[in-house]
Amino acid sequence: MASKTVKVPKISCGHCTSTIEREVGELEGINFVKADKESKMVTIDWNEPPVTWAQITALLTEIGYPAEV
Ligand SMILES: [Cu+2]
């Protein structure tokens, strides 16, 4: 299992964190996703395969919450 914590600067409220948790959580292979509105950090644990970090960050960008690189 892989794990990463990234900053998502566009997080501004609880709706943002729920959207991220729901959308990322729907990907196959995601074990855990937690977004924090104070720190704007998102922690994700996943299994690779079936999902890759590139796919996760692509999804974040697609839903309007790109991760900071
Ligand atoms: Cu929001």
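**Exercise 1. A side-chain contact of T17**

Determine which backbone oxygen the side chain of T17 reaches in this predicted model, and decide whether T17 is buried or exposed.

*Solution.* Begin with the polar contact: the T17 side chain comes to 2.8 Å from the backbone oxygen of G14. Next, place the residue: T17 belongs to helix α1. Then consider accessibility. Buried means under 20% relative accessible area; T17, at 10% relative accessibility, therefore counts as buried. Finally, list the contacts beyond four places in sequence: T17 touches I11, A35, D36 and K37.

**Exercise 2. The buried face of α1**

Describe the span of helix α1, identify its buried residues, and explain why they line one face.

*Solution.* Helix α1 covers residues 14-25, 12 residues in total, and extends 16 Å from its first C-alpha to its last, close to the expected 16 Å. Its buried residues are C16, T17, I20 and V24. Viewed down the axis of α1, these buried residues fall within an arc of 95°, so they line one face of the helix. The elements covering them include β2 (30-36), β3 (41-46) and α2 (53-62).

**Exercise 3. From I20 to the core**

State which residues I20 contacts outside its sequence neighbourhood, and which helix supplies the largest share of the largest nonpolar core.

*Solution.* Setting aside neighbours within four places, I20 is in contact with V8, I11, G25, V33, A35, V42, L60, I63 and Y65. The largest nonpolar core comprises 19 residues, and I20 is among those with the most contacts inside it, as are V8, V24, I30, V42, I44 and I56. At least two residues of this core come from each of α1, β2, β3 and α2. The largest share, four residues, is supplied by α2.

Key:
Residues numbered from 1 in each chain as written. Predicted model: local features only at pLDDT ≥ 70, side-chain atom pairs only at ≥ 80, totals over all residues. Heavy atoms only, no water. Expected span 1.5 Å × (residues − 1). Buried < 20%, exposed > 50% of the residue type's maximum accessible area, 1.4 Å probe, protein only. Arc of directions from axis to C-beta. Contact = heavy atoms within 4.5 Å. Polar contact = N/O pair within 3.5 Å; in protein donor to acceptor, adjacent residues only side chain to side chain. Core = buried A, V, L, I, M, F, W, Y, C linked by side-chain atoms within 4.5 Å.
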